[in-house]
Amino acid sequence: MNEGPLRERLIDVGVEMVTAEGTAALGLREIARRAGVSHGAPRRYFPTHQALLSAIARRGFADLGARFAAAGAGEAAPRERVRTLATAYVAYALEQRGMFELMFRHDLLDSTGQEGSDGPRLRESTRPLFAMLVGLVSRCGAADPEVTAAALWANLHGVAQLWGAGSLPLALGDAADGTDPGAYVARLVGAALDAHLGADPS
């Protein structure tokens with residue numbers, strides 16, 4: 001087995017594990033065991049455990065980026081594109097909770113413990129997605145597009161985390177009872193857009 005396929009296999013196994021079992025399952029030895037290699041084999045490609053976790057998380061950002069591209073492909077109006085991207089972001093977070101948690105781990109985004117890795121730093125994976133959001137927010141007429149985009153992103157991230165944890169449905173109580181979760185999340189996304197971009201003129 002040459003090095004390229006083994007490196008990718010380790011990442012593939014990590015993606016499978018975090019998707020099915022969450023971040024707690026991602027021990028270095030367990031990844032190696034499930035990949036069918038010795039526990040020291042990952043060190044040939046990933047000098048630290050965090051370097052391997054970052055490579056796994058980059059797959060998540062690639063997946064999210066592909067969803068963004070697909071979600072916004074048919075939309076012409078900037079605000080509607082922001083809405084479709086926002087909806088795709090929250091949907092991804094709720095569908096891929098383990099991966100979403102891994103993607104936004106501060107120690108990984110800060111690149112701590114990734115010295116010597118041959119891959120790009122994880123934080124570099126976030127920048128194109130944020131730049132896309134800033135560009136669309138700018139086209140919506142925001143006076144400070146970067147700050148507005150950051151505030152909107154933080155709002156959406158909070159919606160995703162609080163809804164996924166069950167905190168928002170619990171806080172909303174009767175208001176959310178009997179309501180289709182997807183429809184209610186769509187209302188929350190719409191309220192976030194109105195709060196940061198102003199009321200929809202249409």
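**Salt bridges, helix packing and a buried leucine**

Glu 95 is exposed in this structure, with a relative accessible area of 51%, a value just past the boundary, since residues count as exposed when over 50% of their area is accessible. The model is a predicted one, and the values reported here were computed from it. The side chain of Glu 95 meets that of Arg 67 in a salt bridge, with a distance of 2.8 Å from N to O. Because Glu 95 belongs to helix 4 (residues 78-95) and Arg 67 to helix 3, this pair ties together parts that lie 28 residues apart in sequence. Arg 67, for its part, is partly exposed, its relative accessible area being 26%. Elsewhere, Arg 7, Glu 8, Asp 12 and Arg 59 are joined into one network by salt bridges that share partners.

In the whole structure, the search finds 14 salt bridges. Such pairs can be understood in general terms, since side chains of opposite charge can pair when their charged atoms come close. Within the network named above, the side chains of Asp 12 and Arg 59 form a salt bridge of 2.8 Å, taken from N to O. This pair links distant parts of the chain, as Asp 12 sits in helix 1 (residues 3-21) and Arg 59 in helix 3 (residues 49-72), 47 residues apart. Asp 12 is partly exposed at 30% relative accessible area, and Arg 59 is likewise classed as partly exposed, at 28%.

The salt bridge between Glu 30 and Arg 33, whose closest N and O atoms are 2.7 Å apart, lies within a single helix, because the two residues are 3 places apart in helix 2 (residues 28-35), a separation of about one helical turn. Glu 30 is partly exposed, with a relative accessibility of 24%, whereas Arg 33 is exposed, at 54%.

The protein contains 10 helices and 0 strands. Packing between helices was examined for helix 4 and helix 10 (residues 181-197), whose axes come within 10 Å and cross at roughly 130°. The two helices are therefore oblique to each other, and their crossing is right-handed. On the side of helix 4, the contact is made by Arg 79, Val 82, Arg 83, Ala 86, Thr 87, Val 90 and Leu 94, while helix 10 contributes Val 185, Val 189, Gly 190, Leu 193, Asp 194 and Leu 197. Sorted by class, this contact comprises 8 nonpolar, 2 polar and 3 charged residues.

Of the 202 residues in the protein, 45% count as buried. Among contacts between residues at least 6 apart in sequence, 64% join residues that are at least 24 apart. Leu 26, which lies in the loop between helix 1 and helix 2, is a residue of the buried class, because its relative accessibility is 4% and the class takes values under 20%. Apart from its neighbours within four places in sequence, Leu 26 is in contact with Gly 14, Met 17, Val 18, Ile 31, His 49, Leu 53, Ile 56 and Leu 102. For one of these partners, Leu 53, the separation from Leu 26 is 27 residues in sequence and 7.8 Å in space, from C-alpha to C-alpha.

Definitions and conventions: Residues numbered from 1 in each chain as written. Predicted model: local features only at pLDDT ≥ 70, side-chain atom pairs only at ≥ 80, totals over all residues. Heavy atoms only, no water. Salt bridge = Lys/Arg side-chain N within 4 Å of Asp/Glu carboxyl O. Helix = DSSP H or I, 4+ residues; strand = E, 2+ residues; numbered from the N terminus. Buried < 20%, exposed > 50% of the residue type's maximum accessible area, 1.4 Å probe, protein only. Axes fitted to C-alpha atoms, helices over the stretch in contact; angles between N-to-C directions. Parallel < 35°, antiparallel > 145°, perpendicular 65-115°, else oblique. Left-handed = near helix turned anticlockwise from the far one by under 90°. Contact = heavy atoms within 4.5 Å. Nonpolar A, V, L, I, M, F, W, Y, C, P; charged D, E, K, R; others polar.
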